[in-house]
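Biologist: I am new to this structure and would love a close look at one part of it. Could you take me through it slowly?

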Amino acid sequence: MELPQRERLSQLVEELTTSGQQQLHQEKMKELKKLCRLSTDCIDHVYHSVMTQLSQEHAEIRLSAFQITSELFSRSHHFRTLLVDNFQEFLELTVETDSEQPLPPPKEVARKLRALAIQTVQSWQTSYGSAYKKLDLGYHFLKRVKKVDFQDAEARTVAERRREEERQRKMERIYRARVEAAAKDMEESYGDMEAALTEMESCMKLLFPEFSLFLPDSSGQSEEEQPCCSRNQNPIFPPSSSFLTGRRPQRKGNQSVGVGGLLSLAAVCQHAELHHTALLHICLTQLFFLLPQMKATSDGEEDEDDEEEFEEVPEKEGYEPHIPEHLRAEYGLDPSPSTSAAALSQQKAPPRRPPAPPAPSSSSSSSSSSRRMKRMMEEEQDPTSAAATLRLLREKLPLQGEPSGSDGPGQSGPEQQAAEVPVVPFGLDLYYWGQEQPNAGKIIKSASQHQFWVPAEVEEEVESQELLAQSRSRYISFPGKFVPVSHFCRAPLGNGALCQRQDRLKCPFHGPIVPRDSEGRPCREEDRQREEQRRKEQQPDWRDEELMRDIEAATGEDLGSSRNRRGKKKKKKFPNLSDLKQSSNTARSRLQRKVFNKSTMRRVADVLSKADRRKHDKFSNQFNYALN
Amino acid sequence: MLGFLSARQTGLDDPLRLRRAESTRRVLSLKLNPDRDVDRIHGNGINAIDIETIEGRYMLSGGADGVIVIYDLENHSGKQQYTCRPVRTVGRSSRHVHRFSVETVQWYPYDTGMFVSSSFDKTMKVWDTETLKPAEVFEFEGNVYSHHLSPIARKHSLIAVGTKNPKIQLCDLKSGSRIHVLQGHRAEVLSVRWSPRYEYILATASADSKVKVWDVRRASGSLFTLDQHNGEKSKASSEAVNTAHNGRVNGLCFTSDGLYLLTTGTDDRMRLWNSATGENTLVNYGKVCNESRKRLQFSVSHGCSPEFVFVPCGSSVAVYTLHTGELITMLRGHYNNVDCCEFHPDYQELYSGGKDGNLLAWVPVVRNPDVEEDSKDEKRGAAGLPAVNPAFQDTWSSDED
């Protein structure tokens, strides 16, 4: 056989087997058969190359090689004798007769190969079994020893079937155990769940109507949705629209406590536009406190509750962020804005229901007002009370609008100016301001540090100009104000984006920050030139992309101009075959490779042992370290 | 061949010479032959086979499922194609069948009316061939790995038995009792063989990697222990002194004249020893794959001019020349490990049994009669080899052109 023929055969076999297809390429197979027909030498050669491919650790290669084998097996007697002579190995490689040599991945292809091989062996047996003894033996070996069921579509051995059943049973057991565990869990936590549900429900019951009361859009229905206050209590909960417009029906008597609190709350809420969750929470706490009070009051004065109880007040624009001092008591607030900080640190106590208010009286007597004051004080001590929360709220919210009277009359123009004047901390210079100090800048200098023996010449006091100046002067450093950087580097990046670094003067990657246009090019000409220069320096000129592309276009050879950008990617040898390493190339495995790298482990162990040794060196004289 | 014949006729040659030359030629042409089949009776691996020496007609085989089968090897049909039929079978249904794997079977050397089998069910049974009932059952404490009856003994009828116990048992067929033990080994005894030359000489191989040669008349100790280094202390480490192999020794076989002893071990080596002196002849057989934990049965040809060794080697049978250690061929046919092989000295046939349950007959290929050139051409042109099985023909389809 000539060399070119031989080469062509090898090439054909390789192409056929590395195609990665489930079916053989018909044209190539035909060519192969034509070549094989010429002489037995060709068949020898093909046989050996096919066997080599069959022993590759890739199921797709094996499958294709097996298909070539079966094509040739039915054609050539010589091929049959060759194959049957080595039938043990052939079965090991295709039917997996040796459990220590499992079929290589990918798994689906391996399974297919196996099924196909078993079917083919059976068909060979029927047509050639009588003539080739070893084929017959192999068939019976598969049938009797490996217990391959040739009728079985899956073509599995008994052991495999048993394993499969075992696996299924095991999985079933696991699932059942899981279900049982889940059911038990459920049973155990059923009580808790119920409790949580009821809690939730009652919570929602409590929350929902009040919640909708303060939502501007649901203001119309708020009245109807209130289960906790009856219809005839209309005046207490007037439609919120009247709240918002500022038409505030004011109520006399101690009911005004609740209403006033509510009103101020409403105003505050409106101001904050109900954005803040914390705010919402505060509102709700307040409501919680107020509701029972309302009820109580409503119970008390159901009959005499009438329209004449309300008096018209002048309309107001917006709300009242600050309640005048004289109205504070009426609003249920502490008369002075300052409270002790101790109230904040108090433990959260269960909300104390205020007792039912005393009998309504149209005029508020001084005694009752003072009593109420006391109660208010107490309430404010309680962090859950309305007064306390309101105070908190006021502290939190920035005060807007014109300063109201509660701020006091002391805050006038000159005082405001004084606040702008810088204040200098008190120092020595101020202490002796305008005086001549007798011994300023004099220090006692003793030449000898000895306690008893003193040298003859005593020249103790030294005038120090430095100290003198220090006592009369004052340094005021003026570093200026911190201004955050608002500009970006905006140099073009490799991925097409612009650099987002915010350095003040110079980006560590792209040099001084210069004004750039929307695509990242410098606006000024000299900047542009400098940038160009820099890029050229980084890259040798023969690798200049454009130059290389020109050369490539001229010569038609790939010099790798495109490689420049994309990094070197190794070309796969057989691109059609499925990649076996793909599955193993996971983030976890990559990390594992790094973390459990031998040298890394050794380094870590070294460091650890060194630390250990240091401890030993340091404390070896102590018995408990010396021992271990 | 013709030269040998005429030389023999004229008396120039020893008559033996022709015989030797011919049997050597036949051994060299051993092949797996489709003409000779052995019926598949064993459902499991075959551990031991034995061909009787009186007629050379019957073969015993013992399987891993406890079944013992007697085959008739003689072909009386007059045709080339012959299938060896089982004559008698001790099947699983028999009341007396061994419960576990049969490890060794052997014919009584002087009569086919009796054979002995030993098994992992800790018994050794002496069978009556006619009734297939055990005439005697010996029971032991451990698994019986091997037993052997002396092929030439006239003055005693002892069966040497190697069991899991390191002591070798000697059972007397006359009294039906265990009469003797030979102590010396430290691990289970995997193989025992009587010398075919001296009736009191016994060789035993054990898992402690030692091979001892005994004279059973002198029970106090062995005659000598085979040493792979021939006593050169420098080569042997202290614990390797007096060892025949560096692993378990599981095969033992005398040459037919009894002058040499072959051993195989799990160190994948085969060694040839002078059985008179216990000297290692240092014949290098190369690597003889051997991973069996049990006894390995192999055999030596008889009556060839260089003698051959047939030794199981993985899933094939290796054929070596005895004294040069040259590998002649590998007989590949089994699909799993081969456990035993037996040479048929009369027909130069080889029978081998393996774990795949196949009992294969390796038969010399008869040379095709030479036909003169011109007639051959005529024939081929006329009929196109009508005798050939259609399966042997190439079937290139026409669409490939």
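Which order do the four strands of the open sheet in chain B have, and is their pairing parallel or antiparallel?

Modeller: Happy to! First, this is a predicted model, where local features need pLDDT of at least 70 and side-chain atom pairs count only at pLDDT 80 or more, while totals for chains, interfaces and linings use all residues. Residues are numbered from 1 along each chain as its sequence is written, and chains are lettered from A and ligands numbered from 1 in the order in which they are written.

Now to your sheet: its order is 22-23-24-25 in chain B, and the pairing is antiparallel. Strands here are DSSP runs (E, at least two residues), numbered from the N terminus, and two strands pair if DSSP finds at least two bridges between them. At the edges lie strand 22 (299-300) and strand 25 (327-332) of chain B, each pairing on one side only. Follow strand 25 of chain B inward and you meet strand 24 (residues 316-321) of chain B, joined to it by five bridges in an antiparallel run. Within this pair, Val319(B) faces Thr329(B) of strand 25.

For some context along the chain, UniProt, in an unreviewed entry, lists "repeat: WD" at several spans of chain B, including residues 182-217 and 331-362. UniProt positions use the numbering given here, feature names are shortened, and annotations may be inferred rather than shown by experiment. Residues 331-362 of chain B are 59% strand and 0% helix (helices being DSSP runs of H or I, at least four residues), with end C-alpha atoms 8 Å apart. For residues 182-217 of chain B, the values are 50% strand and 0% helix, and the end C-alpha atoms lie 11 Å apart.
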